[in-house]
Amino acid sequence: MYSNLKITRVEESRLGKIDLDNITFGTLYTDHMFVCDYKDGAWQTPEIVPYQPIMMEPSARVFHYGQAAFEGMKAYKDEQGDVWLFRPEENWRRINFSSRRLAMPEFPKEYFMEGLETLIDIDRDWVVPGRGNSLYIRPFIFASEAGVSAAPATEYKFMIICTPVQAYYKGGEVKVKISDYYSRAANGGVGATKAAGNYAASFHPTNKVKEEGYQQIIWTNSTHEYLEEAGTMNVFFRIGDTLLTAPTDDRILDGVTRKSIIKLAERDGLHVDVRKVGVDEVISASRDERLMEVFGTGTAAVVVPITGIGHMDYHYDLPKLEEPYSIKLKNQLLDIQYNAAEDPFEWRYKVDRK
Ligand SMILES: Cc1ncc(COP(=O)(O)O)c(C=O)c1O
């Protein structure tokens, strides 16, 4: 052990009382959680404790200045009952990237990996087997220090909680509306981080497109000429046989699923073009019937085929394909995540039984 991780277990697991076949995403948490406090300029002894409420002062800075960032990752159970993580170091790297941008302290890699692995090992029975089922893992950090002066806090909490999930978007159509007014991110801003405030700012514009019958918004750059992300997913467009996706920059989240899908597509010999994707280009490709597919990628939903796009007052339906790239790439990724295929890129990480 690197960090003298302290473990306090529940007396009795809640698992026996729960119907894991009927769960609503994010409503139910596993028996334990990970917590580590930052104070006096250092991370203190990390702990795994029973899942429970935390006490906070009303003046805690997170409530006032929004110093908070999070991650989203999953654990998967294979047919032998072993539990796997997918590229966990990428999430560690990204939460520290977010923390730096929000003037919060970075969390040591050894603490993160040891805390994560031990927590998932202890709560491994909560990882529901079967495709589409998994344990969603939510690491997060926030300013816990009391005091309402507008300055970075000197005290923080880093926590990990876990919630069992079934497939995220359960079937159904996903139609997206291209934003021609709201922006999610700005050059030099925090769009590339998982700052909590990014999500708060996205809810109102997303509610607006929902009123129009769309499920998600496609975020565009500030002039609304380029397509950047779809809701909380990165987004790919297939024009002819070429897959297009925007390059990551200050505004776009460097998605773990996005970069994995790019690798898998390239391995399959598909032509992937990482470059700015124009709204006009996609709309005219749709009019000319060259727009074959649009799909979102993200940890929660993996790969989500989009069935239609709205822009201004027009709606464009995507063709129904026999063998879309999206489904082929999704299955390849799931095979790796669920330990049902070779892992040529060494993305899988086994959660050892202690
Ligand atoms: C804004 C945004 N874009 C993209 C993604 C996809 O990232 P990942 O594939 O790492 O889950 C997420 C989800 O984490 C997100 O919140």
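Helix α2 covers residues 88–101 in this predicted model. It has 14 residues. From its first C-alpha to its last it reaches 20 Å, close to the 20 Å expected at 1.5 Å a residue. Several residues of α2 are buried: Pro88, Asn91, Trp92, Arg94, Ile95, Ser98 and Ser99. An α-helix has 3.6 residues a turn, so residues three or four places apart point the same way. The cover over the buried residues of α2 includes the strands β5 (68–70), β6 (73–77), β7 (83–86), β8 (134–143) and β21 (348–350). Helix α3 (109–122) is also part of that cover. Just after α2, Ala103 takes a positive phi of about 60°.

Helix α3 also has 14 residues. At 1.5 Å a residue these should span 20 Å, and the end C-alpha atoms are 20 Å apart, which agrees. The buried residues of α3 are Phe112, Gly115, Leu116, Thr118, Leu119 and Ile120. Among the elements that cover them are β2 (32–39), β4 (47–50) and β9 (156–165). The strands β6 and β7 and the helix α2 belong to this cover as well.

The protein as a whole comes to 7 helices and 21 strands. Its C-alpha atoms fill a box of roughly 60 × 50 × 35 Å along the principal axes. For 354 residues, a compact globule would have a radius of gyration near 20 Å; the protein has 21 Å, which agrees. Of the 354 residues, 40% count as buried. Contacts between residues at least 6 apart in sequence were also examined; 73% of them join residues at least 24 apart.

The largest nonpolar core has 40 residues. Those with the most contacts inside this core are Val176, Ile218, Leu227, Phe237 and Ile306. Strand β13 gives the most to the core, with 5 residues. A second, separate core has 39 residues, including Ile48, Ile95, Leu116 and Ile160. Of these, Ile95 is a buried residue of α2, and Leu116 is a buried residue of α3. Back in the largest core, Val176 has contacts beyond its neighbours within four places in sequence. Its partners there are Tyr214, Gln215, Gln216, Ile217, Ile218, Ala230, Ile306 and Ile309. Two of the partners, Ile218 and Ile306, are themselves listed with Val176 for the most contacts inside the core.

The ligand has 13 residues around it. Gly255, Val256, Thr257, Gly298 and Thr299 come nearest. Elements that give two or more residues to this shell are β13 (233–239), α5 (256–267) and β17 (291–298). Helix α5 gives the most, with 3 residues. The shell divides into 3 nonpolar, 8 polar and 2 charged residues. Strand β13 thus appears both in the shell around the ligand and in the largest nonpolar core.

Two loop residues were examined for exposure. Tyr181 lies in the loop between β10 (175–178) and α4 (196–211). With 8 C-beta neighbours inside 10 Å, Tyr181 counts as exposed, because the limit for exposure is 12 or fewer. Tyr181 and Glu322 are 141 residues apart in sequence. Their C-alpha atoms are 35 Å apart in space. Gln52 sits in the loop between β4 and α1 (61–65). Gln52 is exposed too, with 11 other C-beta atoms within 10 Å. Along the chain, Gln52 and Pro324 are 272 residues apart. A distance of 44 Å separates their C-alpha atoms.

Key
Residues numbered from 1 in each chain as written. Predicted model: local features only at pLDDT ≥ 70, side-chain atom pairs only at ≥ 80, totals over all residues. Near = placed C-beta within 6 Å. Helix = DSSP H or I, 4+ residues; strand = E, 2+ residues; numbered from the N terminus. Nonpolar A, V, L, I, M, F, W, Y, C, P; charged D, E, K, R; others polar. Core = buried A, V, L, I, M, F, W, Y, C linked by C-beta atoms within 7 Å. Buried ≥ 20, exposed ≤ 12 C-beta atoms within 10 Å, placed from the backbone. Contact = placed C-beta atoms within 7 Å. Expected span 1.5 Å × (residues − 1). Rg over C-alpha atoms; globule rule 2.2 N^0.38 Å.
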